[in-house]
Structure formats: structure tokens, C-alpha cells
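Q: Could you walk me through a few parts of this structure? I have it open next to the sequence.

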Amino acid sequence: MRALAPRSSTVLVEVLAQGDSKTKFLQSSYHGSVEEEREPGVTILKVGFYAVTSVVPVTLQILNDTDKFALDSNGVFTTKVKLDYETQTNYFVGISISDGTSIDEATVLVRVKDVNDNPPRFSQESYDIAVSENLPGGSSIFTLEVTDVDEVTAVDQPVDGLNSTAQVNITVLDYNDNTPQFIDLLDPIIVPEGEYSGSTPREVLRILATDSDIGANAEVTISISSSSKLFRFREDGTLLVVGPLDRETRDVYELVIVASDNGTPQRQNITTIRLSVTDMNDNTPVFSASIYSKSILVKDAEVGDVLLTLLATDKDIGNNSLITYSFSAGNFTYLSLNNKTGVVTIASDLADVTEDTALDFTVMAQDHGLPPLNSTARGLVSLMTVSLSEGVAFESPSYNFSVAENQPEGAAVGVVKASPGSSLYDISYVLMTHTDLFTIDPQGALLTKETLDKESQDWYILEVKAVDTRIPPTSAVALVRVEVENVNEAPKFIDGIYQAKIFSIAPYKYPVVQVKATDPDSGDSEHLQYSISEPSSYFDVDPSTGQVYVVSAVGLAGQTTTLTMKATDPLGLQATAMVQVDVQGSASSDVVVISLNRATNVVEKNIPEMEESLGRALGWTVSVIRVSSSNKGEAESRTLRNNIKTFVSIIATDVDKVIPAEGMKKKLQSESATVKAELEKVFGAGLEYDVQDDPVEASDNQAIVIALGVLLGLSMLGLLLMGTDTIVKFIRTKRNAEDSDRESFAFDNQRNVEVLTGIPADTTVRLVVHLFPEHIKFLELDYTPGDTTATVRTKMELDADALKQTAGLLYYSIMCVNLGKLNNTRRLTITDLNDNSPIFEQKEYSKTISETFLLNTEVLRVKAVDADVTSENNRVSYSILPPVSLNFDVRNDGGVMLIKRLNYNTAKNYNITIKAEDNGGLSNTATVLIEVTDFDNMNPYFDQTLYKAFIQEEQTGAFSTILPDAIKAQDADTGINMTVVYSIIAVTPSKYMNHFDINENSGVISVVTGLDREEIGEVTISIKAAQEDDSFKTANAVVTLTIEDANDNPPVFDKSSYHATLLENSPTDTVVFRVKVTDLDESRQ
């Protein structure tokens, strides 16, 4: 045990003054110290105190930490236990003194002094530290933590100091400073071709790589640098094939592989491996053609003649690609086959062949692989005894058939027939057009597939191709025209009932209503004839247009008449419809004539608008009865507006009541501004109109019979004038009892028309217009007031043609003026003379048609018009003037018809003169020019079907030699049809397709990429010639190209260096070693 240093204490004595009467400590606080770990009972200090009397005892006490300290009655403060510095260094102990009457307290501060009784302590008994191998010198590795519970004092060299120890384990860590290294890579790596997949992979080999690092830094993974569908690595580095390998497609693969460690940072090594795909016998030999054919003439054939050269190729290499040819089936009599070259020759004399014979056989090409693979092709040699001419031909280049419409499916149309030109071949037929409606059977019979409707389509042009069994096949095309014949069906009216409303004064030919019927039969609607079932003296109908018009409606005033209309087709089938005509009563005095300064044709085009505008201005319903033109004897000019005047006859009704003319005139005058404004809306600004003095006025005298507004004149024996007993007698006779109110005269250009007699002295007569103002210009009245006789006569030559609108009838009225006005209407029939020749609408007609234009079909239609009025004089007939073409005819309706088939090669155009002649012998001519175009009905053909060509290897451009002559195809047609376009359709082997080009116009074949004879010795090129205007018409030929060798390869030793050992005493001519030299060029090894 260590010796303890001497210790001392100090007692503070305070001298109290007399008079102090209170027991107390001499100090309020005391200080003392004691070393740690001293045995109990060590005196720390003595506290001083004052007692009032020694008689009364005092009590000293420790107030806290009583378990550690003690205070006796003398004030000695001692320890009761060992104190530990490391546990507590200071104690504040409260003490008290009491004498029973007073008490005092004080504090004792005890400082525990440290004694070096605790050794230092490490935070751990041992330490494990890891450092990287690449840590630089002087680097801090780790900081040790040491503690000492004793108070630490720094000294230079501690004496008798305490100590402790700890173990430090330092581990040096590996740094990833080494790159993986590949081990022993093969070049190339061999892998056989095959069908591999992810589920059935092929193991190639295991590729190893090492890494000098340790742990994860030394763990190496092998992978492919880029994604591959064919290859991948297993985790152990085994290379797998996971996709199909085809050597013929690709025989070498170069893969970039990566060896990667798992260190940080990761290190990689990259290298390239080469995989060589070895051949397997997985390709069958392929013939250059599926069929090889040849036709020979027996008399020209000799033993040894080459007939066919078979060519088969195998994409494999080595023995797998070596091919042997043989006959495998069929008839190959007379033939021999070279099993190496594939050349078929004549093996024996053909003298016993007396008829066309086909040698049809099968040849086989078999490779030398294990197991061997083979394929077959067909061979056909035609032994011809008479001629080699070949080709399909129809019995006729075109056919015309007909079939009735509405026939059920399968109806027979007709039969086409083609011949192959030899009994060795068969024919098949193919329908090229309208296959949805027609079909053709193996015998060439055309049948319908659906019900045909002439009204939908009346003609079909079909193309039928005949193909023979030649190799290659030949074909021909025939044109078939099918006419759908009509099955007559009855016409039908568009409406069953037609309704119309007219006035009883409506003029002759005034339109009532137009009925319309249609004929389901194609084109027959325009040939329908219209008629009225029961002939009517009031109405008639235009037989061609169906326009119902007025003859005379005077006797029907206030009645509704029903007409039964009939439409009849050319074959007599009929349809009927009803026409109901409401005839409103009216008189001539109800008609008002106004004149407009507008051209007649302009007014006629705007009649509906004019009726509406007048109706708005007058407040009535206005109907236009007549539109005519007249200049009252002056020359009419349609170019000078001031001279133009058109007369419009109108009538007005209010509800169903006819407005008298006088009432309408008054309103026209009172509403003049409104009427003009309304008419200007129709005819434009500057319109002028006048209300004409109507010479036609009515009488209330029921004894006078008057017919106004009709085209038939009044026929009567006498006319009673109102207010007088004088009768004006007209020297005319009635035609029959029914025509008591009509009068008609026949007149052949005589000067006097009629003579009026018995005119009273107080009566004046005037020649006035009746509905047709232009008619009055032909007549004049020879009369002087007071005369008893008046003569109507012509003042200009009468022309029935000028009165065509009124069917050659001239109308006028005689007005008798006395106490009133009274009119008598006349109708003068002008007898037509044949004084007009027919006039063609065109002096020259032209049409372009194909040589296949259908027989008995209209090419074009000419038309000539005769200005005469009557059908006897204006009926025109047509004929062709010499020289008459045998190919064409003309019908009486002007239709120029084709009656004989055209041939472009015989005649390309026709110039025809057509005469139009009327019944009186007057005629005119026109020229018809018809141009014929060629029709393409012939296929092109090559001069030869097999050509042999030669070119030196690596040479580009045209072939050096072509046998037997230059490639050429032609077409028997003319014009554009002669032009053919050449193209290459196949090259065998196919991989050389892009090595060739052909001039589409000349057929010259060129090599665009040179060929290597050491790679390929012969190429077969299939070419096609097609018509420029019809790509379906083609011909084929084959060109066999031989690549001739060029000395373009140097000799090659089998090794780049040779090593040999020779004894020094070896005799002369001793063989030291052998070298092998090869040359890829032909016959140069």
C-alpha cells in the first residue's frame, strides 16, 4: 500500500463579545477535503460554535449525507465510509446546532481528492480494422478511444502509472485493380447450322475468363455486347445458339463479347469471336424451271442432238451440293440423259415415229449429302411429224351471241371454239371479263350466272382466253359480243289521272296537258305512240310527245270532259290514263290584247312569271292565251328595241268568274304604274306596254253565233246585224251540219280570197286581226265605205311554210261596224307546195369506231329537215350514193348502220355520201367520215423461245454472243398494239436477279454487276414481252447464260511457309517435301 501524505486541519476560533446570548456556529460555511478511499473515521475538520452556557448542553447534527459523514459534540466532522472520487468529487453537507432554545445552521463543503487508483481503459478489448490495399502512406487508419476515471494530469514521464492494453486487428482489403482476362479463345469457333430456339438451344463451348483480384472483384460474367436473337451466354459462360442458323443465308458471325467483374468500379474486357457455321444437307436441289419442253421436227432430228439442258442448283456446299441427274418416271423413249450435266439428247433414230408424239417424263436431281435429298421436274419433248408451227387459234376472232332478258341462271349464251394446232395439246378456256354475270365451261360454252335485264344493259363485250397445255403455254383471246334481247313489256303512264283547266275560247293547238308514259323495254319509250281512245272533235294529242291540245272547246263551256289516253309501244302493247279537262266558259269579249316592247321569244320564256306579275297588279288570276309578233306591215327587226312589239292575249278570272274585257282594260289603265312595275320585275327596266283596241267584241243578241279565240273560223250563211234588217251574205258553203260555226277555205295562191256582197250603205266593214296578228300581213281588203261589195285578197305571196305553227291555216276576221261591232272569223287553208329541198343539219358527219364495232348497230345518225308543211312534202328518205360501201347502210330515220364486219388492216377509214330526198324528188347530200381503230386481239410472240448467251466473267454490259439470233418479240396487231415492253421475270439462281437489266424497248439484256465464274458457271434468265397497251397479253422466253472463265485468280500455295529436315548425306533427287498449288480458274491447276 502506498504511504499517505500527512494531513492537517484548521479550527477557526471566533472570540465573542460579552453580551452574546445565542448559541450559534462561528461560520456560516466550512471547507475541508479528504482523499478518496480513506478508511472511515478520517477527521476532515472541526467546526467552531458558541454556547451561551456550559450548563445547558448543545446538540450538533448532520442534516444530509448522514450515511457518509459524522459530527460529534465537539464539532469534529469525520467520514463514516470510504469516498470515491470517480463517483462524486464534492459534497455539500448541512449541519445544525441547538441548545434547546435556539438553533443555527451552517454548510460544510467536502472536496474528495483524487488518488490514482484506476488504470486507463480502451473502449473495446479488441479492434478489427479493414484498409484498402491502395491506401497511401501516412493515411489515418483508425482513432482509438481510451478513458481513465481518475483525474488526468499531464506529466513527461509518469512514475508508477497505471496502464491497460487492447488488441487491434488490421485487415488489408482487395481493390478492384485487375481486368478480367479471356483464356484460350478458338478462332474460328465451329457451329453446325440447324433449327435452334430458346427452348432447344445448342451449346457451342464454354468461354472462360480470369481476374487476379479476389472476392467479388474476381467474379466474372460473360455476355454479348449487343442484343442478339441468335446467341446468348449461360451464367457459367457457355455460349448458346438460341435461334435458327442457316449457312446458306449467313455462314460467319462475329460476336463482340464482354467479360465483366463484379467489383466497384466494374472492370471489363472486350474481344471478338468468330463463329463459322458449317453446312448440313438441309437444302433440296432446285430445278431452274418446273417444266422443260422442246418441240422438234422428226425429219430434221439426229442422234446426239441436244434437246434440253436441265439445271438444278443446291444451296449447300461440298458433297451436299453435288448433283446427279436421272430419269425417274414417264416416257423417255429415244432420249438419253447425262447424269452430271443434265443434258438430254436424242439417243436413237426416230424413223419409226410416224405421228405427233409427246414424250412426257420426270427427271430427278439428287445431291450427295447424307441423307441425300432430291427434287423432280417435268420434261416434255414433242416429236412433230409435219410442222413446228404452234399456237392457239380461235375459229373466229370474234363471236356474236344473243340471250333473252329475264332468263334464269345457267341460260346458254353460245359456244366459242379454239384449236391448239396439234393433237398433243388440250385447250382450256378462261373468261377474262364480266365474270360476275357469265361463266364458261371446259367445252367453251358460255352461260349466264345471273338474270340479265336489257333495260339495265343491252350489250356485253366479253373477252375469252384459250390456253393450251404447251410448255410454256400459248394463248389466244377472242371477243364475244352478247346482246340482251328484249322481252316486250307493256308501257306505263307516269300518272293514272291528269287534270287540266282551260277557257272555252282557247285557240287551236292550245296546250292542255302533256301525258307521259315509259316503256320498261330499253330505248322504246321514245317510240311510244299516243292517241285518244275515242276520237274527239274538241281535243287531239301529238302522237310523239303526248301533248294534248285544243281543237275547239267552244261547245264545252262550263263542262268537264274526260279523255281516255292511250300509249302504244312498237309491238302493240298498250297502257291507258285518264285526262279530265275543266272547260271554263268565256267569250271573245273577255280577251284583252296588250303589246310589249320585248322580243317574242323572250316573252314566251317568261309566260309563268308574267302571269304572276299581272295577277299581283290586278288582283285576279291572269292566263296568257296567245303570244304573237307583228309590226303591222313594217319590216320586223329584233335588233332595234323600238321596233319590237309582241302581242299577248290574256284573260282574267276572279275565283271562277271570267272578268269582261272592258273591266280588265279599265283596271290595266288605273293600275298602269303598278302593272308596269310588276312587268319590269320580269322583263327589266325600260319596258313599255299598251292595251290594244280589241276588235273582237261580244253581243248580247243570242241569235248571233260567234266563236272567238279558236283556230276554226265561223261558218254561216248570213249574219244578222243588230238594229238593222240588212243581212251580209258570205258566199261560202257549210262543210257539214256539225260545222255550222266553222268555215274553211282551200286556196292555191289565187289573188282574190273572198267577195262580200250585200253590204248596207250605213255599214262599214274592216279587215281585222283574229289572235294571230302576223297573219294579217298576207291580206288586204278592197273596199270603199258605201260600197255594197268588199273583196279580201292577197297582198303578198302566200307560203304555207311560213304558217307552219298553225299547220298552214291563215286566220283573220271581218268586222261589220254599224250600231255596234260584230266580227266574223275566217280560217283559210293554204295548200302546201313542195318547194323546199331537205337540208342536213350538218354538211359533214364524223365518227371513230373500233374494228370490233357490233354488227347491225347504229354508228351515227344524220338528219335532214324539209321546211314544207305537209307530211307528203316534208317526208325525207335517205340513201348512200355510189360508190356504195358494203360495210354500211342507212335507215329511213337517218341511222347509219354497220352491216359487215370491219377489218382495220383492210380499210382504216370510209368516206360515205348520203342523200336525203323528199317525196317530190328534191334532195340534198352530206358526207359521213368514219375512221376505224385497231383492236388488240393478238398476243405478242418471241422469234425464239430459247436463247443461249455468253459473257466473260466480271464483264458488264450486253452479252458478247446470243444464239440463234438477237432477242426479239413482236405483235401481229398494228399501231400502238405493235409495241412490246420487255422485262425480266426470274433469274435462276435467284440471288443473281439484281445482276441483270433489260432495255424495255429493245430487249437487250445487260449485266450490271459482274459475275464470277468460280462462283457460278451458268445462269438462266426468264424474260417476258408484254403489249404496251395491254399488260395481260404476254409471251415468255428463256435465256441460258454461260459465264466464260477469265484468268483472274493467282495460283495459291496450300501453306504460307514450309519446313523440312534433310540429312547432309541425302542423295541427289531426294524428295525434300511436296508443295500443293491450286488455281481457281478453269483448267489451270
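A: What follows covers one helix and then some strand pairing.

A: This is a predicted model, in which local features need pLDDT of at least 70, side-chain atom pairs count only at pLDDT 80 or more, and totals for chains, interfaces and linings use all residues. Residues are numbered from 1 along each chain as its sequence is written, and side-chain values use heavy atoms, with hydrogens and water left out.

Q: Which residues are buried in helix H3?
A: In H3 (residues 661-670; helices are DSSP runs of H or I with at least four residues, strands runs of E with at least two, numbered from the N terminus), they are Ala661, Met664, Lys665 and Leu668, where buried means under 20% relative accessible area, exposed over 50% and partly exposed in between, with a 1.4 Å probe and protein chains only.

Q: Why are they on the same side of H3?
A: Because they cover an arc of only 100° around the axis, taken from the directions from the helix axis to the C-beta atoms. On the other side of H3, Lys666 and Ser670 are exposed.

Q: Switching to strands, how do S2 and S9 run?
A: Strand S2 (residues 29-35) and strand S9 (residues 103-113) run parallel and are joined by seven bridges, and Glu35 stands opposite Lys113 in S9; two strands count as paired if DSSP finds at least two bridges between them.

Q: And S8 with S9, parallel or antiparallel?
A: Antiparallel, over nine bridges, with S8 spanning residues 90-98, and Ile95 stands opposite Ala106 in S9. Their hairpin has four residues between the strands, and Gly100 there takes a positive phi near 95°.
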